[in-house]
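Hi everyone, thanks for coming. Have the picture up in front of you, and I'll talk you through it bit by bit.

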Amino acid sequence: MSCIAEPVSWLRLERHALGEREAATVAHLAACQTCRACADAIAADTFELPALRPAVVIPLRKKRPLWQIAAPAFALAAAAVVALVVVSRPPPREADRFAVKGGELVLGLVRERAGMIADDATTFRPTDRWKVVVTCPPGEAVAPSVSVVEVGGSAPADHPLVDATVACGNRVVLPGAFTLTGLRANQVCVTIGEARACRTVAAELAP
Amino acid sequence: MEAANDKPVAVAADDPQSAYRAFGPALIRKAQRILRSREDAVDIVQTLFADLIPRWNSDVDLPYLYRAITNRCLNAIRDRQTRTRILEREGTAVAPVARVRLLDEVVGVRLLAALADQLDEGHLEVLVARFVDDMTQDEIAEHLGLSRKTIGKRLDRIRDAVIALRGEEVAS
């Protein structure tokens with residue numbers, strides 16, 4: 001069974017099913033058994049539409065007792081010292097070993113696309129520019145480390161921003177910007193001491 | 001056939017839930033025609049809406065969402081891990097009605113996956129519009145905002161790629 005002429009596209013059939021009556025479509029469906037069968041298949045395809053999933057919300061880290069924060073921080077600092085000796089890297093600044101007091105670190109991503117700014121966007125295109133904003137307990141100077149890694153990829157994490165010391169506070173903008181490329185989702189993480197927060201951004205093609 | 005009437009279907013323009021209820025089934029059917037899996041299709045549509053809701057605007061209509069679903073499905077096929085899972089399922093999935101064929105071949109996910117390695121997204125979008133969505137060249141041109149000549153050239157390139165693929169299969 002084949003169409004009598006040029007088939008009516010599925011998009012037109014769907015719009016027909018939604019109540020749009022285009023004369024050419026109506027006439028074609030009256031004459032073409034094949035396309036009418038497709039239209040009938042749409043009408044017969046009744047199913048319960050699943051409820052929309054709520055948008056993913058990155059939960060804030062719960063406050064933990066100081067000792068729970070301090071112990072891993074000391075362990076991390078000790079490990080860092082050992083690593084320094086082994087690989088002979090330049091010693092990190094004091095701020096690099098800082099654990100965020102209060103245990104709360106919130107990562108925000110700001111996307112700039114063709115002049116449009118979007119807070120906490122969840123998708124990227126290669127032409128987008130991204131800036132990182134962090135919220136951490138105010139009053140402390142910290143050196144956030146930003147890493148980007150492809151979800152499910154084998155490439156090592158990239159560190160797109162130069163190291164900088166900033167004063168903690170509400171939505172502090174880190175210096176520099178970066179772009180995301182590739183077809184996989186990217187996980188962007190910011191680490192301050194032992195506190196870490198991440199967001200995942202999915203690849204997107206136009207539109 | 002005349003060019004598509006791209007008048008948006010009446011939904012509350014500022015309400016993504018309304019658009020989801022109106023267009024969701026059509027989008028799921030479209031994604032299912034590409035991926036041959038309703039489960040994957042529902043996932044794709046839900047993820048699209050979750051991403052769009054924060055930046056929802058009144059320009060989002062069915063043709064826009066149709067294009068977005070095409071791109072999401074192509075991304076899924078390009079992703080190696082997802083592709084493997086989709087291809088494993090294809091053998092058991094019911095093939096959709098094929099009214100437009102590409103060199104006598106129904107364009108399924110296996111062919112899309114093979115062509116995804118050879119064609120850029122512009123060509124793949126035309127491929128899906130013509131051989132999965134069954135659009136005419138005029139309709140594709142209007143849908144994608146390109147000239148009919150460009151669509152014709154891309155279809156020629158797609159046919160060449162399929163012929164080359166078949167040649168490789170015969171040679172191996």
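Let me start with one term: a nonpolar core is a set of buried Ala, Val, Leu, Ile, Met, Phe, Trp, Tyr and Cys residues joined through C-beta atoms within 7 Å. Keep in mind as well that this is a predicted model.

So, how many residues does the largest nonpolar core have? It has 51, and the ones with the most contacts inside it are Ala31(B), Val45(B), Ile69(B) and Cys73(B). Take Val45(B) as a way in. Leaving aside residues up to four places away in sequence, Val45(B) touches Gly24(B), Leu27(B), Ile28(B), Ala31(B) and Ile69(B). There's also a second, separate core with 21 residues, among them Trp130(A), Val134(A), Cys136(A) and Leu180(A). As background, nonpolar side chains in soluble globular proteins tend to be buried together.

Now, chain A. You can count four helices and ten strands in chain A. Reading from the N terminus, the order in chain A goes α-α-α-α-β-β-β-β-β-β-β-β-β-β, with the helices ahead of the strands. Of the 207 residues in chain A, 25% are buried. Then look at contacts between residues at least 6 apart in the sequence of chain A: 65% of them join residues at least 24 apart.

Let's zoom in on a sheet. In chain A, four strands make an open sheet, in the order β3-β10-β9-β6, and the pairing is mixed. Which strands are at the edges? They're β3 (123–124) and β6 (145–150) of chain A, each pairing on one side only. In general, strands of a sheet pair through backbone hydrogen bonds, either parallel or antiparallel. Here β3(A) runs parallel to β10, residues 195–203 of chain A, and two bridges join them. If you want a spot to point at, find Thr123(A), which stands opposite Ala202(A) in β10(A).

Next, where the chains meet. Chain A puts 32 residues into the contact and chain B puts in 42. On the side of chain A that touches chain B, the elements giving two or more residues are α1 (10–17), α3 (33–44) and β10 of chain A. The largest share of that side comes from α1(A), with five residues. Sorted by class, that side of chain A has 18 nonpolar, five polar and nine charged residues.

Over to chain B and its helices. In α7(B), the buried residues are Glu139(B), Ile140(B), Ala141(B), His143(B) and Leu144(B). Right after α7(B) comes Gly145(B), with a positive phi near 70°. Further on is helix α8 of chain B, residues 148–171, and Arg157(B) is in it. Is Arg157(B) buried or partly exposed? It's partly exposed, because 17 other C-beta atoms lie within 10 Å, and it takes 20 or more to count as buried. Arg157(B) is also 34 residues from His123(B) in sequence, yet the two are 8.0 Å apart in space, C-alpha to C-alpha.

Last thing: how sure is the predictor? Chain B averages a pLDDT of 85, with 86% of its residues scoring at least 70. Among the parts of chain B, confidence is highest in α7 (residues 137–144), at a mean of 96, and lowest in α4 (residues 80–90), at 76. Over residues 1–8 of chain B, pLDDT stays under 50. Where pLDDT is low, the predicted coordinates shouldn't be read in detail. For the complex, the predictor gives an ipTM of 0.89 and a pTM of 0.58.

Note on methods. Residues numbered from 1 in each chain as written. Chains lettered and ligands numbered in written order. Predicted model: local features only at pLDDT ≥ 70, side-chain atom pairs only at ≥ 80, totals over all residues. Buried ≥ 20, exposed ≤ 12 C-beta atoms within 10 Å, placed from the backbone. Pairing = 2+ DSSP bridges. Contact = placed C-beta atoms within 7 Å. Nonpolar A, V, L, I, M, F, W, Y, C, P; charged D, E, K, R; others polar. pLDDT = per-residue confidence, 0-100.
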